[in-house]
Structures are given as C-alpha cells and as structure tokens.
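Thank you all for making time this morning. I would like to walk through one model, starting from how I use a few words and then moving from the fold to individual side chains.

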Amino acid sequence: MDIFSFFTIAGGLAFFLYGMHVLSTGLEKMAGGKLEQTLRKATSNVARALALGAGITIAIQSSSAMTVMLIGLVNSGIMQLEQTVGLIMGSNIGTTLTAWILSLSGLEGDNVFVRLLSPDSFSPVMAFAGIVMMMTSRKKRERDIGEVLLGFAILMFGMELMKDAVSPLADSPAFYSIITYFENPLLGVLTGAFVTAVIQSSAASVGILQALSLTGGISYGVAIPIIMGQNIGTCATALISSIGANRNAKRVALVHVYFNLIGTAFMLAVLFAARAIFSPPLLEQTISPVGIAACHTIFNVSVTALLLPFRDKLVKLAENSLRRTSAELSVDGRLMLDERLLNTPSVAIAECKNATDAMAELVEKQLKLSIDCLRDYNREAAAELASCNDLVDEYEDKLGSFLIMIRGDLSDQDRKTVSQLLRAIGDLERIGDHTESIVRMAEELHTKKINFSIEASHELEVIERALLEIMEMTKQSFIDGDSEAAGRVEPLEQVIDALKDNIMARHVERLQKGVCTIELGFILSNLLTDYERISDHCSNIAASVIKTDDSAMLMDIHEYLHKVKSGAVAKFNEEYDEYSDKYTLDARP
C-alpha cells in the first residue's frame, strides 16, 4: 500500500466519524427530551429495559454515548445502578444496526433493486436532499431531518472511500501475510479491542473491518475474534467518562466492561472448542460485510441471552469491585447535575426541568411554613424554613451554572425551555427570599409580644389564602407545562394587588381612629409588600409557561402581561371577577 492509499483510508475514516457525529447529533435533536422521558421508564421489566436500551442506541447511533449518559444519570442520583443493566444489554444489541446499514456498501450486481440499495446510488440523493432542507427550510425539525440525511450520506461516503482505498490490498501478498497473524483468536480479540478503544467508536471499527472484508482476504475465523474484541474496546469511552464520578456511577462502567469481558470469554471458549472438535469449514470461508453484520448481531444477542438471567450477579460483581465506603452518602435532597449529561443536551435540559420542578415544590413549602409561622410562631418551623432557603439558593446557583453550560445546535423547543428555566429559577429564588422576610416579621411580632387587630388578622388571612392558591396554581402549571392553568394566574395576581391596596387603606383608617399602631403599620406594610412581590414572581413564571407553550407568541413577557392587564386577552375579566368574589374582604365593622 502506498502513502496515498494510506491517506485515503485516513480521510475515509475521518469522513466516516464526522458523518456518524452529524447523524447522531441530528437524531438526538429530533428525539429531544423524549430520550430522558424514555430512560425514566426503565423498570425491573427486563423486556422493556432491553427494548429501551436498543431503541435509544439506535436513535443516537452510539452505545458508548448511551453508557456515558447512564453514568451521568446514576452519578446525579436520578437512576439506580440496577436500572442500567438491562439498558446496557439492550444498547449492545441496538448498536448492531449500524453494521447492517454499512453492509450495503458491499452490495454488487446489475439488478435494479440491488443498484438502488447501493450507497453509490442513494447517498448523493440523500446528501442533496439534506443540504437543501438545511439551507431552505424554516422549520427546525425539517432542518434536523436534513442534518440526519446529510450525516448519513457523509458516513457512507467515508465508507466508500475506505472501500476504494483498500481494494488494491486484494492483490498484495504482504496483506495476506499480515492476515495470517490474526488467525490466532487471542490476537484478533486484542486488535479489535485496541483499534476500537483508540478511535472510540465500535461502529467505525466494524466499518473498517467491513471495508477490509471487500478485499476477499478475511475469513470468518479471523473476523469473529476481532468482532468480539471490538465489543470490549467500546467500553473504553465509558471507563474514561467515569473518571471523577461517584463510586456508584463507576459501577455502571464496570457492569458494561464485565458484560463484554465475560461474554467474549465464553464465546471465545466456544470458538476454540468448535475449532478443536468440529473444525467447521465456515471458519475458513471468506467473510463479506453482510457476514460481519450477522456475526456482530449474533454475538451480541447470544451474550445478552447468556447473561440476562445473571444481571443481578453483574451488579454484585461491580459492587464487590468497588465496595461501599463510609464516605459514600445519599444525596439527601441536594441537587446533583452531572456534567456528563451535557454530552446529550436534550437529556441535560430535561433533568434541569425536573430539578426546577423540585425547586418549585420546595418554594411552595417555604411559603406555607412562613405563613404558619406568622400565625403561630415556633423556632423549629423557622429553622426548617432557613434550611429550605439554603437549599433553594443552592438550586439556583447550580441550575443557573449548569444551564449556561448547555451549548450546541439546540432545537427551538430546547432553546425556549432553557430560557424559561433561567427565568423561573430566578423568580423562585426571589420568592424564597420573601418567605424569609415574612418569618423575620413573624419573629419580631413574637419577640415584642404584639399582635394585629382582629380586623387586620382577618384581612391578612384572606390575602394569604389567595397567595397560597396562586403559588400552588403557578407551581402546578409550571410542572405540567399547562398554559391554560397558567393563564388563570394573572387575574388572581391582580386581585392580590387590589387586596393589598384595600388592606392598607383600611389600616390607615384604623390608624386615624387610634385602633392600630404605627409600629404594627410598618410590619403590615412590609408583609403586604412581600405578598405582592411573591404574586408578581408567580405572574412572571406563569407568563413564561404561556410563552414557551405558544410557538406563535413572539412578544416579550412584559408586553404579554401588559396585554393581559389591559383586558385584551379573552376570559381575563371573567376570571378576575371570579377571584374578586372569592377573596373579598368583609364589610368594615
């Protein structure tokens, strides 16, 4: 082989890897947040776990990326080690689809149907269609489909380059002398593992082997051990990714390694036994790209069937390899977002949404605690609220930093979600700050042994009931992404504003009559300001839900709120009247 052929092979491999990257990125964007939702369905149901593992791997075209994703989810405390075993096994089956697609490059013949299936025929068409869709389409999904088509065409072009570059090897005595070394199965396994580990793609290493098979110089006996080794080499990405993860996440990588090592050892023993006892003629026959794809599939399906009943033993083996230590503590409600999830932006965004949902639940709990303290102050509740507020601050800090790190060519919906979450965590944190302010005033009332008048207490109960309802409605509409429920927040926010003004006006009248004191008036004024600000932040969150849900709404949130308050949005006046009747203050005594 001359230097030019070597460069052609290297260039073909580069096109292949880049095409695989473009293809997997496009597929991932099309899948969007469904990847994370699908992973969360992983249960003790083995069949479902296998199907999910295979399906997701087919969707993102990488078993290594799948395992890295699982490491990140386990490291974040989102999934348990036991849940990943079936997914890993299914992933090994799903990755075999790529080999079948690549086997098309070996199709030859004059039959019109065979020619249509040849990459020489359809790759240029796919590339043209893909680039046209990417350059002309206004819809993000259509551009993503174009990216998938273009990525697939580039991948197949790289495969064709490698095939053409290695074709002269068919007449090279040196090539055949090298191949004889690989008749030793152990050397074949080591070579397959090494090449795959270096390029970190089992699909690419299988593609190289399929290209070499077109020379007619590789037999089944040589190819099968290499295929076995490729399954071991693909574990390198997971092992590298597990560096810096907690011990439980490292065990995910170990499960992947043990699964492939044990499977390869068993199948290699079967191969040695078959050679020694039967000497199957098939092992001496020349293998084709289709044969390689078939062997790849048979190996992975067989290993999965072999080890599936022993999945608990794999978990135990991984746990014994990395025993639990006293430093290995539970998450205890603390937020953990693993940066490995950033490799799959749609999954990272979905987990940020889940974390923000938890933050909203926590803030609602803070509000309830603060109002309870105002009615009946106790130090335990105040201490619990302070602890909650520290956790809310941690959520805002970690979520904000993590969301900013999410980069790449995101889908339109993912970009909207990131923007919505960044706004929401700020509003939720500010609500938490206002609850702390409420507790400080509750403590002041308790310390000074002063109380509001019966009238003022009743008025505060009315606005507090409205405040708890707007918080609950905001939280639930945000979690569910329910724009209709979010639309009911703004009328209630306006009612709370009116209640605040009305209560202050009544306080001034009581002050003039000498029924109330200036000191209590300052506390009341501060309380009502906190209540109003909390409802304002609820309004902001609800507006962002509506804006994110409505793809046609391009206006700024403040512009939307102004439109609502002016009565331009249907049903606002009706809902405002409904809440005004529900939260009316009694006639003045």
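Let me begin with a term: a residue is called buried when its relative accessible area is under 20%, exposed when that value is over 50%, and partly exposed in between. With that cut-off in hand, Glu-394 is buried, because its relative accessible area is 15%. Please keep in mind throughout that what you see is a predicted model.

First, the overall picture. The protein has 26 helices and zero strands, and of its 589 residues, 52% count as buried. If we take the contacts with a sequence separation of 6 or more, 82% of them are between residues 24 or more positions apart. The accessible surface comes to about 26800 Å², and carbon and sulfur atoms account for 59% of that area.

Now back to Glu-394 and its partner. Glu-394 forms a salt bridge with Lys-398, with 3.0 Å between the closest N and O atoms, and both residues lie in helix α19, four residues apart, which is about one turn of the helix. The two ends of this bridge do not fall in one class of burial, since Glu-394 is buried at 15%, whereas Lys-398 counts as partly exposed at 38% relative accessibility.

How many salt bridges does the structure hold? There are 15, and I will go through a few of them. Glu-384 pairs with Lys-365, the closest N and O atoms being 3.1 Å apart. That pair links distant parts of the chain, as Glu-384 sits in helix α19 (residues 379–405) and Lys-365 in helix α18, 19 residues apart. Both ends are partly exposed, with Glu-384 at 34% relative accessibility and Lys-365 at 37%.

In helix α20, Asp-433 and Arg-430 are three residues apart, about one turn of the helix, and their side chains meet in a salt bridge at 2.9 Å, N to O. Asp-433 counts as partly exposed at 22% relative accessibility, and Arg-430 is also partly exposed, at 34%. Beyond such pairs, Glu-361, Glu-364 and Lys-475 are joined into one network by salt bridges that share partners.

Let me turn to helix α18, which spans residues 345–375 and contains Thr-356. Is Thr-356 buried or exposed? Thr-356 is buried, with a relative accessible area of 0%. Setting aside its neighbours within four places in sequence, Thr-356 is in contact with Leu-399, Leu-421, Ala-424, Ile-425, Leu-428 and Phe-478. Phe-478 appears again in another interaction, since Lys-353 lies over the face of its ring, at 4.8 Å from the ring centre.

On aromatic side chains, the structure holds two aromatic pairs. Phe-15 and Phe-157 form an edge-to-face pair, at 5.1 Å centre to centre and with 85° between the planes. Phe-15 lies in helix α1 (residues 3–31) and Phe-157 in helix α9 (residues 140–166), so this pair ties together parts that are 142 residues apart in sequence. Phe-15 is partly exposed at 38% relative accessibility, and Phe-157 is partly exposed at 43%.

The other pair is Phe-572 with Tyr-576, whose ring centres are 6.2 Å apart and whose planes are at 25°, so the pair is stacked. These residues are four apart in helix α26 (residues 572–582), a separation of about one helical turn. Phe-572 is buried at 7% relative accessible area, whereas Tyr-576 counts as partly exposed at 26%.

On the surface, there is a nonpolar patch of about 480 Å², made by Phe-128, Ile-131, Val-132, Met-134 and Met-135. Met-134 belongs to helix α8 (residues 119–136) and is partly exposed, with a relative accessible area of 31%.

Finally, a word on the backbone. Most residues other than glycine have a negative phi, and against that background I would point out two positions. Ser-279, in the loop between α15 (247–277) and α16 (289–307), has a positive phi near 50°. Lys-449, in the loop between α20 (412–448) and α21 (454–480), has a positive phi near 55°, and its side of the story also includes accessibility, as Lys-449 counts as exposed at 72%.

I will stop there and take questions.

Technical notes: Residues numbered from 1 in each chain as written. Predicted model: local features only at pLDDT ≥ 70, side-chain atom pairs only at ≥ 80, totals over all residues. Heavy atoms only, no water. Patch = residues over 30% accessible without salt bridge, like charges linked within 9 Å, V, L, I, M, F, W, Y side chains within 5 Å. Areas by Shrake-Rupley, 256 points an atom, 1.4 Å probe, with all protein chains shown as cover. Salt bridge = Lys/Arg side-chain N within 4 Å of Asp/Glu carboxyl O. Helix = DSSP H or I, 4+ residues; strand = E, 2+ residues; numbered from the N terminus. Buried < 20%, exposed > 50% of the residue type's maximum accessible area, 1.4 Å probe, protein only. Phe/Tyr/Trp six-rings, centres within 6.5 Å; stacked < 30°, edge-to-face > 60°. Lys NZ or Arg CZ within 6 Å of the ring centre and 35° of its normal. Contact = heavy atoms within 4.5 Å.
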